[in-house]
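User: I'm new to this one and would like a walk through it. Could you start with whatever term I need first?
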Amino acid sequence: MSAFNDIGPPRWPLNILRFFIKKEYLEEIEGDIEEQFYYNIERWPVKKAKRIYAVEVIKLLRPVLLKKLGHSITLPSYPMYRNYFKTSFRGLMRNPLTAFINVFGLSVAIGICLIVYAFMLYDRSIDQFHVNKHEIYLTTFTADREGETQQYGRAPRPLGERLRQDFAQIKNVCRVEEGKVVIKNEDNVFHEQIRYVDPSFLDMFTFPLKWGAPKSLSDLNSIVLSEDMSIKYFGNDNPLGRDILVIFNDTTKKTFKVSGVAATFPKSRDIEFDFLVHFDNTKVADRTYDTDDWSAFLPATFIQVENSVGLQAIEHHLAPYKKLQNEALPDRPLVAFSFEPLTTLHEKASTLHDAIVHDYNVEGRIGMPIIAVFMIVLACFNYINIAIVSASKRLKEIGVRKVIGANRRKVIMQFLSENVVVTSFAAGIGIVLCYFVFLPWFVQFSGWELELPLLHGNLWLFLIALLLFTALVSGLYPALYVSHFEPVKIFRGSLQFGKRNPFTRVFLCVQLILACMTITAGVVFTQNNHFQNNRSWGYDQKHLVYANVPDAPAFDRLHAAMKQQPGILQSAGSADHLGKKISPVLLRQPSHQQYEAGRLAVDANYFETMGLRLIAGRGFQEDSENDRRAFVVNESLVRTLKLKQPLGQQFELNGTPYEIIGIVQDFHSQNFFNEIRPTVFTLAAPGDYRYLSLRVESGAEERAYQALQQQWAKLYPEIPFQGGHQVDTWGTYFHQVNRSETFNKVIATIAVLLASLGLYGLVTLNVSGRIKEFSIRKMLGAGIRSIAAVMLRQYTSLVAVSLLLGAPLSYLFAQAYLDMLFAYPMPLDYTGTAIALIILATIVLSVIATQIRRIVKLRSVEGLKME
Amino acid sequence: MKKTKLGEFEELVLLTIAALREDAYGLKIKQELEERLREDLSMGSIQSALKRLEEKGFLTSEFGEATQKRGGKRKRIYEITPYAHRTLAELKAIRADLWKSIPKLASSLKTI
């Protein structure tokens, strides 16, 4: 027998048993299974006996034997709830300020969560409205470029047609080509993007037509307009059957008949169009357009396959096309063709190069949920702190409830149910706030066309989940804390309420850290914005205007006309232009190493006109035949190619040898979101000039710009003017940067507001608990200084710890945030964090100051009388 | 019989208890039944049957002695009530009656 003493049954099943089984059955059952265990030990290994024991316990969990949970936690009856709400409502009304803080904080947080929900909903549903989305795939290829395998969204021109012929399982193929044209209808003449597509486009994609028939697209002379374009050219009239003139270039025009107008596009779309014409019009636009040219690419080729099994079969037979393609372009071999399903195309957009889809939401997808969690956590901590304060004023009520028979569970239930009501109320206000304030503001400010579909079932699920989460997280701790007091202690008044509660301190600490992080983000973004605005573009973008012309004669005529204008200092012609157009080229070193680079073909005056700075070598000379075989490169190219002796270095471009004669300082052709790429300048043949750049006297920019427009209108009344100020070439970049700044400032302000409200609650709690002490101090002659010292002492360590933890965290957070968004972020120094700390410390001090003031103003007698 | 329903398993448990007399406690009942039925039973099924039967008034119980093997916990000894005894007897009578009629039925079936 003694051998059994050290081999006992396992503990954990016993605990389960004790928790679930009715008390009156416990002794018997425990005894039975224990006896069985010892009986089994004699027959089987201990392990097996233990396993049997555990299995028996699990099998004992039967309804007859279980504690009746519903019975032992008797839910308070309806009148009791009415009483709860009455008392809690009175309690709230007695302190309208704290009630407001509670409800307001939660509403704001819930409102922000809803915005994030709307955003995620929008982001998830992009391009998901196409009925055939599960059958449509984009043809892509992978290739090794600069040592990395990258995926491209383009496809060789003949591939689509070949796939259609060779595979029976392909239901539809749609090739998409893009072109810039001028479109004219009576007096409306504009530059537009047009898409040449196979007629299957409207069958594959779900773009219903408002007017007209999708079949009409198979007519070579038909054109289908988007709703926006229909309004732009024809107003609200039905334009079906009307003629519209498409000017492909100076010599080629074609009249199309409007045969369809698309209905309003769904808001969450990525793939869309302005104008659609039959693919074969590419031959009209460009007589030399060769659809069998494997070395040329189409922006997109879509296929429609009924099931994915068919697709795999196709993917296994793509090798011949790869061979054809690589024979046509031996310099840039591709690794493989593959297909990307439309359903996940938008998600992958950021990793697909040159694809028809674009991803502008990466920033939001990461940032928004973080912000939502931040806010809800802040609001919950607030609520917790303030709930404890308010409960301190209801201790007597809790005492009375307990004396007349409420147990701890009932008190917890009371507080939780109150909390659910308050949270629901906050959620109601949150929805209203979100719908009427946040959402319109956010849509206007971000440009994302979000909507909050109130009838969407998932929204309500989300809301209920959010509500329960918030109610539990914010209410559980106060409920547990408040309910644990014993009535005797409450009535004896021997409670030191809230004075030494480690949890409230931790909550406050976390709150301060979160606030510190958001303030830092706000400050750093403001600093970064300033930095970005003043960052050098690498050339002098001010006092510059430019014009884009369709051909060389137009350039000559405009150039000649502008020479007469006063105030023009310098002028240059070029085939490409900074900020507008850089052509991709492939450079080959004598060692046969290849590099991708950008090329700008310019004239000899270009560097000086644009203010590009030569740091080594020389620029071009117009009359030198040798310079037609010369490169001027940027620093980035020298760095990327690790050239030790860049000047005189030989390269091959399209089979022609070139030599580097000069190096210019790095410049930003594109905005600061993009990294500077290796770039070469070549001397353009005069016949290739398409851009006219003019450096003007300071202050004369607007006059020069208007002169350009007038001269152009005089020379070519048919063709709309294209050009502008060089400073505007980055489009909405600065607007976007300002937008992030505003957004971060708003978020920081809300966070600070919430945090300081929470702080206010906690300080008030502490002071309320010590009001007698302070009164006695005052009676004994303590002045404002000593009272302030006593109060500050309590918070110094707490605030110091929060700020010490908060500062490095904020710094890292801001760093990560900036790096994620900007290719050239501001070099982060400590000023941003320091300013945030100062702001936060000021807020903390002023909150404490309000309470010091309260004590100073308090009449000591009143304080002593207070219970 | 009227309203009271007695399941087959419950009937077996009742009979076992009657047979075991003073030794009728949870584990013993289980082992006895396992032996007779030649199948493994779980403590849960026995216990729930016992509690149900007690609720229906077929059983009474009281605590018995504790042993070291049981970790000092007392046994609960079950005893069938007179009501249960009557019900069992009734059931047996009904069954016996039915059995008696079987040979006739069987032979009449054969003649068809």
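Analyst: The term to start with is the nonpolar core, meaning a set of buried Ala, Val, Leu, Ile, Met, Phe, Trp, Tyr and Cys residues joined through C-beta atoms within 7 Å. Please keep in mind throughout that this is a predicted model.

User: OK, so which residues touch the most other members of the largest core?
Analyst: The largest nonpolar core has 91 residues, and within it A:Cys516 and A:Ala751 touch the most other members.

User: Which helices supply at least two residues each?
Analyst: In chain A, these are helix H6 (96–124), helix H14 (362–392), helix H16 (408–446), helix H17 (457–483), helix H19 (502–534), helix H24 (733–769), helix H26 (784–821) and helix H27 (831–857). The most comes from H14(A), which gives 16 residues to this core. Seen by domain, the core draws at least three residues from each of domain 2 (76–127 + 359–495) and domain 4 (496–534 + 729–867) of chain A.

User: And what is A:Ala751 in contact with, leaving aside its neighbours within four places in sequence?
Analyst: With those neighbours left aside, A:Ala751 is in contact with A:Phe374, A:Leu378, A:Leu514, A:Ala515 and A:Thr518. Apart from the largest core lies another core, of 55 residues, with A:Leu138, A:Phe141, A:Phe205 and A:Phe279 among them.

User: Where in chain A is confidence lowest, and where is it highest?
Analyst: The mean pLDDT of chain A is 83, with 96% of its residues reaching 70 or more. Confidence is lowest in helix H4 (residues 69–72) of chain A, where the mean is 51, and highest in strand E10 (residues 275–278) of chain A, at 93. Some care is also needed with residues 1–5 of chain A, over which pLDDT stays under 50 and for which the model has three contacts beyond four places in sequence.

User: Switching to chain B, how many helices and strands are there?
Analyst: Chain B has four helices and two strands, and from the N terminus on its elements run α-α-α-β-β-α. Of the 112 residues in chain B, 25% are buried. Among the contacts in chain B with a separation of 6 or more, 47% are between residues 24 or more positions apart.

User: At what angle do H1 and H2 of chain B pack?
Analyst: Helix H1 (residues 8–20) and helix H2 (residues 26–37) of chain B pack at an angle of about 110°, with their axes 10 Å apart. That angle makes H1(B) roughly perpendicular to H2(B).

User: Which residues meet there?
Analyst: From H1(B), B:Leu12, B:Val13, B:Thr16, B:Ile17 and B:Leu20 meet B:Lys28, B:Ile29, B:Glu32 and B:Leu33 in H2(B).

How values were computed: Residues are numbered from 1 along each chain as its sequence is written. Chains are lettered from A and ligands numbered from 1 in the order in which they are written. This is a predicted model: local features need pLDDT of at least 70, side-chain atom pairs count only at pLDDT 80 or more; totals for chains, interfaces and linings use all residues. A residue is buried if 20 or more other C-beta atoms lie within 10 Å of its own, exposed if 12 or fewer, and partly exposed in between; C-beta atoms are placed from the backbone. Domain bounds come from an automatic or database domain assignment. Two residues are in contact if their C-beta atoms, placed from the backbone, lie within 7 Å. pLDDT is the predictor's confidence in each residue, from 0 to 100. Axes are lines fitted to C-alpha atoms, for helices over the stretch in contact, and angles run from 0 to 180 degrees between N-to-C directions. Angles under 35 degrees count as roughly parallel, over 145 as roughly antiparallel, 65 to 115 as roughly perpendicular and the rest as oblique.
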